[in-house]
Amino acid sequence: MPNLPHPRLLPTALAIAISVLAIGCQSDDPTLDDPIANDAASPTSPADPTSEPNPVAVEDETGSDADESLEGDGDAAADEEEDEFADGNFGEVDVDNTYRPRNLEFEVTLPDEYEIQPQRDGVAFISNDGGFGGEVVFFEEGDPLDADDLEDRLKDIYDELLNGVSWQLSEIQPDGSVRLDWRGTTPEGSELDAVSYIEQRDDVVFILNVYGIDRPYDSFLDDSQTIIGSYLTWPEEDDLEDDLEDPSFDESEDAEL
């Protein structure tokens, strides 16, 4: 019998792998060596918003020796940007089990009893019984991608990441995103029966995956409808935060899926 990873770890591992592969596709992107992105694959990268920040790093950032912190050619400003998530706070889950990252790139509501694992560039989630999970991953892409480009990008990522991927239904959605149905096997032997959505908003590509883990996708239709139906992405706009705080704001009007 294959040595499978704990089912609660599968979405997190897959989300990190997707992020690394997606960023790696951008060979001309000057941010390839950005430690923020690369830290996502590091075993020391905090995967829990409640994890304690590194006290040494915090002390270095806020120490009393101001003159020392200002030395170098702009290194202090760069360090401050790199440490945006040094406190381990990647985003928040509200009382309705809706997750929003710190910079409000997207939001998604998870069914009750789901474990939510925020990441620097998305979020992973899995059901209490380990049978259904997924992730939202986003990354910067400077070139505009049409529907064919988006489909090819998703296929490239999963053909590299998984074994024996079989691509099934592919549909362009009214909002311009692309839905793909597929099945594949993780290197550890877990069978995924999946639906993915990929889209580009401004210079950011978003991927939403939901999949049965060693179980049929159709066994979790209620959960998938909750997740997909609540998933929102948006371009950067000045009034987004005002909309979220406005009690008259109807999220369903801006739903992307």
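Trainee: In the hairpin of β7 and β8, which residue takes a positive phi?

Mentor: That residue is G176, with a positive phi near 95°, in a hairpin that has five residues between the strands. Please keep in mind that this is a predicted model.

Trainee: How do you know that β7 and β8 pair?

Mentor: Two strands pair if at least two bridges are found between them. Strand β7 (residues 163–172) and β8 have six bridges, in the antiparallel sense, so they count as paired under that cut-off. One of the partnerships joins I172 to V178 in β8.

Trainee: What makes strand β8 largely enclosed?

Mentor: A residue is buried when its relative accessible area is under 20%. In strand β8 (residues 178–185), seven of the eight residues are buried, so the rest of the structure largely encloses this strand.

Trainee: Which strand has eight bridges with β8, and in what sense do the two pair?

Mentor: Strand β9 (residues 191–201) pairs with β8 in the antiparallel sense over eight bridges. T185 stands opposite E191 of β9. These two strands also form a hairpin with five residues between them, and G189 in its turn has a positive phi of about 105°.

Trainee: What makes the phi of D202 worth a remark?

Mentor: Most residues other than glycine have a negative phi. D202 is not a glycine, and yet its phi is positive, at about 55°. D202 is found in the loop between β9 and β10.

Trainee: Where is L104, and what is the sign of its phi?

Mentor: L104 is placed in the loop between β2 and β3. Those strands form a hairpin with four residues between them, and L104 in the turn has a positive phi of about 60°. Like D202, L104 has this positive value although it is not a glycine.

Trainee: Why is L104 called buried or exposed?

Mentor: The relative accessible area of L104 is 16%. The cut-off for buried is under 20%, and therefore L104 is called buried.

Trainee: How do you know that β2 and β3 count as paired strands?

Mentor: Two bridges join strand β2 (residues 98–101) to strand β3 (residues 106–109), and the strands run antiparallel. Pairing requires at least two bridges, so the requirement is met. T98 stands opposite T109 in β3.

Trainee: What is the order of the open sheet, and which strands stand at its edges?

Mentor: The open sheet has four strands in the order β1-β2-β3-β11, with antiparallel pairing. β1 (91–93) and β11 (232–233) stand at the edges; each has a single partner strand, so one side of each is left without a neighbour in the sheet. Two bridges join β3 to β11, and the bridge partner of F106 in β11 is T233.

Trainee: Which residues of β3 point one way, and which the other way?

Mentor: F106 and V108 point one way from β3, while E107 and T109 point the other way. All of these residues are buried.

Trainee: What makes strand β6 mostly covered?

Mentor: Eight of the nine residues of strand β6 (residues 132–140) are buried. E135 lies in this strand. Its relative accessibility is 0%, under the 20% cut-off, so E135 counts as buried. The C-alpha atoms of E135 and I16 are separated by 9.7 Å, with their positions 119 residues apart along the chain.

Trainee: Which strands pair with β6?

Mentor: Strand β5 (residues 122–126) pairs with β6 over five bridges in the antiparallel sense, and G122 has V137 in β6 as its bridge partner. In the hairpin of β5 and β6, G130 takes a positive phi near 75°. Strand β10 (residues 204–213) also pairs with β6 in the antiparallel sense, over nine bridges, and G134 stands opposite V210 in β10.

Trainee: Why is D156 called partly exposed?

Mentor: Partly exposed lies between buried, under 20%, and exposed, over 50%. D156 has 48% relative accessibility, and so it counts as partly exposed. D156 is placed in helix α6 (residues 147–161).

Trainee: What makes D156 part of a negative surface patch?

Mentor: Asp and Glu count as negative, and patch residues need over 30% relative accessible area. At 48%, D156 passes that cut-off. The patch is formed by D146, D148, D149, D152, D156, D159 and E160.

Key: Residues numbered from 1 in each chain as written. Predicted model: local features only at pLDDT ≥ 70, side-chain atom pairs only at ≥ 80, totals over all residues. Heavy atoms only, no water. Patch = residues over 30% accessible without salt bridge, like charges linked within 9 Å, V, L, I, M, F, W, Y side chains within 5 Å. Areas by Shrake-Rupley, 256 points an atom, 1.4 Å probe, with all protein chains shown as cover. Salt bridge = Lys/Arg side-chain N within 4 Å of Asp/Glu carboxyl O. Charge placed at Lys NZ, Arg CZ, Asp CG, Glu CD. Buried < 20%, exposed > 50% of the residue type's maximum accessible area, 1.4 Å probe, protein only.
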